[in-house]
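Visitor: Could you take me through one part of this structure at close range, and then show me what surrounds that part? I work at the bench, so plain language suits me best.

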Amino acid sequence: MHRTAVKKVVLENVLDANDTLARANRDVFDRAGTYTINMMSSPGAGKTALLERTLERLRGELRLGVLEGDVQTTLDADRLARFHIPLVQVNTDPGFGGECHLDANMVRSGLGELPLDDIDILIIENVGNLVCPAEFRVGEDVRVMVYSVTEGEEKPLKYPLMFRSADLVLVNKVDLLEHLDFDLEQFLGNLDAVNPGVRTVLTSARTGQGVDEWCGWLRQRLENV
Amino acid sequence: MHELSIAESVVRIASRQADGRRVTKVEMKVGYLRQVVPSALAFGFGLLAEGTPVEGAELEMEQVPAEGRCRRCGVVSGLGSFPLQCGGCGGFDLEILKGEELMVESLELEEA
């Protein structure tokens, strides 16, 4: 028996399924009045440490919630538990080999655990990874990237996908600048080349530098909603 | 490895669109700005297609070079490398016209 092939035109965006779920998440956030931040960085850039400083500063003033994404362990969530805020951990480990990013469906799986009506700002701490999380919208209002000065000046050029998609870049660990050869001006130039005009805040989770400015930026988000 | 998630999605789309037939080829467009590693995507695709109507299908990826229109001088030029820069005036403020594709274009299906 002779079988011939027929061509079928499909024209379907590969990320449509994720984007559809992301929009559904966004509707849930909007209905609850929750402003949502997708926080992304390399592993070890200081996302959790900055969150600790942020919660110390804003707890009692704003109702914050955190969705923690990690391949494995609840170490980050354990660190934040002392703040007694709505907090949910999503492990991506059940995914194929442990997903290196959060996607819209994983975030949705954690939302049932969060009292969104009582959360003004939900911070989604994505899996530490400089490439993959950038591809997957999860329903966020904005993307905040944490970048530490120990990572070198050239990364915006090497990993433009994430740097291009950030609405704000927190340049962290600036207390270390005096010990490093890191050229801050060059880094900011590289960043501006891939994401012209993107706002940056120099921060140190260790000394607290820049945390006020970052928290001010967070407050402004709510005023604009 | 965002290629694995992308491969999963490609297999899902192709399986759904297969109308119960076997898929022999999947044609996709992959934009340069997506930072997809073709060999990683092909590997994931082969693995995840097992046991589906897409098993054994060829994955053909057409790479789409990036192209942008400069917001300063209006010139449309190819964007071959990072940083993305206007080929006319060297400006960085660009409207991306091509290079962000990630699309299943068509399938080849075995006739029933």
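Guide: Let's start with helix α2 of chain B, residues 38-49, in what is a predicted model. This helix has twelve residues, and from its first C-alpha to its last it reaches 16 Å, close to the 16 Å expected at 1.5 Å a residue. Its buried residues are L41(B), G44(B), F45(B), L48(B) and A49(B). If you look down the axis of α2(B), these buried residues fall within an arc of 120 degrees, so they line one face of the helix. The spacing fits a general rule: an α-helix has 3.6 residues a turn, so residues three or four places apart point the same way. What lies over that face? The cover on the buried residues of α2(B) includes α1 and β2 of chain B. Just past the end of the helix, α2(B) is followed by G51(B), which has a positive phi, near 80 degrees.

Both covering elements lead us to a sheet, so let's follow them there. β2(B) belongs to an open sheet of four strands, in the order β1(A)-β6(B)-β1(B)-β2(B), with mixed pairing. The strands at the edges are β1 of chain A (5-13) and β2 of chain B (58-64); each has a single partner strand, so one side of each is left without a neighbour in the sheet. On average, neighbouring strands here are turned by 20 degrees against each other, direction ignored. Helix α1 of chain B, residues 2-17, lies across β1 of chain A together with β1 and β6 of chain B, and α1(B) runs at about 45 degrees to β6(B).

Now look at the strands of that sheet pair by pair. Within chain B, β1 (residues 23-31) and β6 (residues 102-110) pair in the antiparallel sense over seven bridges. One place to find on your screen is V26(B), which stands opposite L107(B) in β6(B). Across the chain boundary, β1(A) and β6(B) also pair in the antiparallel sense, over seven bridges. There, K8(A) stands opposite L107(B). L107(B) is therefore a handy landmark, with V26(B) opposite it and K8(A) opposite it as well, in a sheet where one side of each edge strand is left without a neighbour.

That pairing brings us to the contact between the chains, which takes 25 residues from chain B and 28 residues from chain A. On the side of chain B that touches chain A, α1 and β6 each supply at least two residues. The largest share of that side, nine residues, comes from β6(B). By class, the chain B side has 13 nonpolar, seven polar and five charged residues.

For a single residue at this meeting of chains, try L15(A), found in the loop between β1 and α1 (16-32) of chain A. Is L15(A) buried or exposed? With 20 C-beta neighbours inside 10 Å, L15(A) counts as buried. Leaving out residues up to four places away in sequence, L15(A) touches E135(A), S9(B) and L102(B). By contrast, E178(A) lies 163 residues from L15(A) in sequence and 43 Å away in space, C-alpha to C-alpha.

Chain B has another sheet worth a visit. This one is open, with three strands in the order β4-β3-β5 and antiparallel pairing. Its edge strands are β4 (76-79) and β5 (94-98), each pairing on one side only. Neighbouring strands of this sheet are turned by 35 degrees against each other on average, direction ignored.

In the middle of that order is β3(B), residues 66-70, which is joined to β5(B) by four bridges and runs antiparallel to it. In β5(B), K98(B) is the bridge partner of E67(B), and L94(B) is the bridge partner of C70(B). Four bridges also join β3(B) to β4(B), again antiparallel, with V76(B) in β4(B) as the bridge partner of R69(B). These two strands, β3(B) and β4(B), form a hairpin with five residues between them, and G74(B) in the turn has a positive phi of about 85 degrees. The side chains of β3(B) alternate: A66(B), G68(B) and C70(B) point to one face and are buried, while E67(B) and R69(B) point to the other and are not.

Note on methods:
Residues numbered from 1 in each chain as written. Chains lettered and ligands numbered in written order. Predicted model: local features only at pLDDT ≥ 70, side-chain atom pairs only at ≥ 80, totals over all residues. Pairing = 2+ DSSP bridges. Axes fitted to C-alpha atoms, helices over the stretch in contact; angles between N-to-C directions. Contact = placed C-beta atoms within 7 Å. Expected span 1.5 Å × (residues − 1). Buried ≥ 20, exposed ≤ 12 C-beta atoms within 10 Å, placed from the backbone. Arc of directions from axis to C-beta. Nonpolar A, V, L, I, M, F, W, Y, C, P; charged D, E, K, R; others polar.
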